[in-house]
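Take a look at the model below. Two places in it deserve a guided walk.

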Amino acid sequence: MWRREAGTVVLRVPPFPEQAVAPFAIIAGLQVPSVPTEWAPHAHPRHELVWVRGGTLTSRVADRVFTVSEGHGLWMPAGVVHGGRATAGAKFYEAFFAPDRAPLAFASSFAVEEPTAIAMTPLLESLLTHLSRTDLDTAARERAEAVVFDVLQPSEPRFALQLPGDARIDAIAEALLDDPADNRSLEDWARCLGISDRTVTRAFRQATGLSFAQWRQVLRVHRALTLLAEGFDVTTVSETLGYAQPSTFIASFRRVMGTTPGAFFGTAHGTPGPAGGVRNPVPAVQDS
């Protein structure tokens, strides 16, 4: 995935306590890593839904990298091997769903073996927080679970970065994951790798469905989601990612995400309510 931050703690996920949670269709919990935390590749016997507040989560599944920011979650089907990384201080939420107890209407709305972005609405978050309680009686838990299945919906846009997985151009992907600000052109890379421009172009199209320039743009936006969630301003993020002007970065972000950084994070953080509070304490991102 991205260059590992200094001080990152790498954890192995313990076996799932299926016997302890067998009576429940949904179980939920919360972690707040004090340092950048990475989970080694693993799989669960239950479907998993993860989401964060006050940071981002990155997950690697085979040849794809998913970036989960506020307002969105990632549905990980049971049995899918994945690794993950959360930024320091992020509130990391997870909920596990028994595959044999999910209503058919819910299960049929997702590709069984495909990770899927989920819209984390205030209602869904509240229900899953409610289900994290240990004092709910059976009837109360079943009522809440039924509503969760009703409101759980896929989200747009999808936050998947397709990695090439092509030996001819993997070095380009590795270099850009390590340093998204690397501004070498397609021609520079072709000379560096000793192949033709057309070979690089065809390889990116065949492996990712995008041109080299488009793929690098998507990669930079993925990295921008993490940097912006950590509180860096748009100008700093644009410089960190190799853009000459903040306006160029904002235009690139809009092309990939369909909106500006300020509007995207403003929606994720929520707008002031009647009492003047907001759903999340992370400062809103301002376009500049």
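What follows covers a pair of helices and then a single threonine. The model is predicted.

Start with the helix pair. Two packed helices are described by the angle between their axes and the distance between the axes. Helix H5 spans residues 170-178, and helix H8 spans residues 212-229. Their axes come within 11 Å. The crossing angle is roughly 30°. Angles under 35 degrees count as roughly parallel, so H5 and H8 are roughly parallel to each other. The crossing of H5 past H8 is right-handed.

Now look at the residues that meet there. H5 brings Ile 172, Ala 173, Leu 176 and Leu 177. H8 answers with Phe 212, Trp 215, Arg 216 and Leu 219. Seven residues of this contact are nonpolar, one is charged and none is polar. Arg counts as charged, so the charged one is Arg 216 of H8.

Move on to Thr 240. This residue lies in helix H9, which covers residues 234-240. Is Thr 240 buried, exposed or partly exposed? Its relative accessibility is 41%. Buried means under 20%, and exposed means over 50%. Thr 240 therefore counts as partly exposed.

Next, its surroundings. The side chain of Thr 240 reaches back to the backbone oxygen of Thr 236, at 2.8 Å. Set aside the neighbours within four places in sequence, and Thr 240 is in contact with Ala 181 and Leu 227. Leu 227 falls within the residue range of H8. Ala 224 offers one further reference point: 16 residues separate it from Thr 240 along the chain, and their C-alpha atoms are 9.0 Å apart.

Definitions and conventions: Residues numbered from 1 in each chain as written. Predicted model: local features only at pLDDT ≥ 70, side-chain atom pairs only at ≥ 80, totals over all residues. Heavy atoms only, no water. Helix = DSSP H or I, 4+ residues; strand = E, 2+ residues; numbered from the N terminus. Buried < 20%, exposed > 50% of the residue type's maximum accessible area, 1.4 Å probe, protein only. Contact = heavy atoms within 4.5 Å. Polar contact = N/O pair within 3.5 Å; in protein donor to acceptor, adjacent residues only side chain to side chain. Axes fitted to C-alpha atoms, helices over the stretch in contact; angles between N-to-C directions. Parallel < 35°, antiparallel > 145°, perpendicular 65-115°, else oblique. Left-handed = near helix turned anticlockwise from the far one by under 90°.
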